[in-house]
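Let's explore a protein together, one question at a time. Have the sequence and the 3D view ready, and try each question before reading on.

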Amino acid sequence: MAEEIKVLVIGSGPAGYTAAIYAARAGLKPILYTGGEPGGQLTTTTEVENFPGYPEGIDGPRMMMDLQAQAERFGTEVRFGMITSVDFSSYPLKAVADEKHEILAEAVIISTGASAKYLGIESEQRLLNKGVSACAVCDGYFYKGQEVAIVGGGDSAAEEASYLANICPKVYMLVRRDELRASQIMQKRVMGKENIEILWNTEVEEVLGTEEVEGIRVVNNQTQETREIPVKGFFVAIGHKPNTDIFKDYLEMDETGYILVQPGSSKTKIPGVFAVGDATDKVYRQAVTAAGMGCMGALDAEKFLAAKEVEMAN
Ligand code: NDP
């Protein structure tokens, strides 16, 4: 027998927990499935300095534990498991947890987040959070006044290189082709910064350092010439992948898999299904914006359920 519930929250980043806090306070008894990375991307960060309300900063994993406790305090049931499939073709909405447990939900809030793509070289993974980061806006400040490198040639890399150039004396931008993928306006911004040096046709062979990043070894893929560059921070900005595969048969998405929502809301094209946070946002991708969207998702779900109740009563 399927378990019948009111609100299912899928994902446990700032978006999911904020949705759960709001839904729980509204008496909707949400059940939240954490997914494979409980706490989401922030658990891979050390210090979060830009979330409002923490003047001294807060440890990423600590913040997620606090968010979980806050959601539970108001009656959210947090389950450590995965939603492995969904069926939104009928109502109530169907979801299957851990490939076996069937759930029928009156509303679903998708907050499955996104995962940063990495180059996949051993030294990059070994030095993750020890100088290697996939988020310049989150971690760039720790390298203020130091030389850094960023890999990627898209809008994210261009934007993050510009951000880094404001706080670091020198930024090497490593681009694997002889042109940027970034939009013209972002290209201009990068070219306009004297302290950004673009290394074309350049790929990273190794991130150097044992305890922390001390430099990178790069190779020019045209000349095969290698070179070591001393840097303290190494940023990867080669794209993100939203964790939305299980929804692709039911929801509208862009070509990368970001779920499309009605502008200014969290509504997807399926009534009762709401999408929030990095699963739908490829532009801002911050904990605080994800949390804000989580709030929107819960309020939209609450409104939807209230309208449904009125409909049933008539
Ligand atoms: P993109 O997919 O647009 O760009 C990825 C970049 O990384 C490309 O230059 C790509 O190179 C490079 N890359 C991919 N894999 C590797 C690899 N293994 N080694 C080296 N380089 C690699 O991702 P973005 O995150 O930049 O942007 C995603 C979307 O979000 C885009 O639509 C973008 O426009 C949008 N966005 C908009 C912003 C804004 O409007 N302010 C800000 C940020 C993002 P190659 O070109 O050779 O494939």
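Q: Which residue stands opposite Val86 in β7?
A: Keep in mind that this is a predicted model. To find the partner, look at strand β6 (residues 83-87) and strand β7 (residues 93-97), which run antiparallel and are joined by 4 bridges. The two strands form a hairpin with 5 residues between them. Across from Val86 in this pairing you meet Ala95.

Q: How many residues of strand β8 are buried?
A: A residue counts as buried when its relative accessible area is under 20%. Strand β8 covers residues 101-110, and it is mostly covered. Out of its 10 residues, the number buried is 7.

Q: Which residue is the bridge partner of Val7 in β8?
A: Strands of a sheet can pair either parallel or antiparallel, through backbone hydrogen bonds. Strand β1 (residues 3-10) and β8 run parallel, with 7 bridges joining them. Within this pair, the partner of Val7 is Ala107.

Q: Which residue takes a positive phi in the hairpin of β7 and β8?
A: β7 and β8 pair in the antiparallel sense over 5 bridges, and Lys94 stands opposite Leu104 in β8. Their hairpin has 3 residues between the strands. The residue with a positive phi, near 45°, is Asp98.

Q: In β19, what is the bridge partner of Ile110?
A: β8 also pairs with strand β19 (residues 273-275), in the parallel sense and over 3 bridges. Follow β8 to Ile110, then step across to β19, and you arrive at Ala275.

Q: In what order do the 3 strands of the open sheet come?
A: The edge strands, each pairing on one side only, are β14 (202-208) and β16 (226-229). From one strand to the next, the twist averages 25°. The pairing is antiparallel, and the order is β14-β15-β16.

Q: Which residue stands opposite Glu203 in β15?
A: β14 and β15 run antiparallel and are joined by 6 bridges. They form a hairpin with 6 residues between them, and Gly209 in the turn has a positive phi of about 130°. On the other side, β15 (residues 215-220) pairs with β16 over 4 bridges, where Val219 stands opposite Thr226. Back in the hairpin, the residue opposite Glu203 is Val219.

Q: Why is Pro169 called partly exposed?
A: Pro169 is found in the loop between α5 and β12 (171-174). Buried means under 20% relative accessible area and exposed means over 50%, with partly exposed in between. Pro169 falls in the middle class because its relative accessible area is 44%.

Q: How far apart in space are Pro169 and Lys144, C-alpha to C-alpha?
A: Along the sequence, these two are 25 residues apart. In space, the C-alpha to C-alpha distance is 8.3 Å.

Q: Which helix gives the largest share of the shell around the ligand?
A: The ligand has 14 residues around it, and Asp155, Ser156, Arg176, Arg177 and Arg181 come nearest. The shell divides into 3 nonpolar, 5 polar and 6 charged residues. The largest share, 3 residues, comes from helix α5.

Q: How much of the accessible area of the ligand does the protein cover?
A: Start with some contacts: a backbone N or O atom of Gly153 lies 2.9 Å from a ligand oxygen, and a polar side-chain atom of Arg176 also lies 2.9 Å from a ligand oxygen. For an N or O atom in the side chain of Arg177, the distance to a ligand oxygen is 2.7 Å. On its own, the ligand has 920 Å² of accessible area, and the share covered by the protein is 74%.

Note on methods: Residues numbered from 1 in each chain as written. Predicted model: local features only at pLDDT ≥ 70, side-chain atom pairs only at ≥ 80, totals over all residues. Heavy atoms only, no water. Near = heavy atom within 4 Å. Polar contact = N/O pair within 3.5 Å; in protein donor to acceptor, adjacent residues only side chain to side chain. Areas by Shrake-Rupley, 256 points an atom, 1.4 Å probe, with all protein chains shown as cover. Nonpolar A, V, L, I, M, F, W, Y, C, P; charged D, E, K, R; others polar. Pairing = 2+ DSSP bridges. Axes fitted to C-alpha atoms, helices over the stretch in contact; angles between N-to-C directions. Buried < 20%, exposed > 50% of the residue type's maximum accessible area, 1.4 Å probe, protein only.
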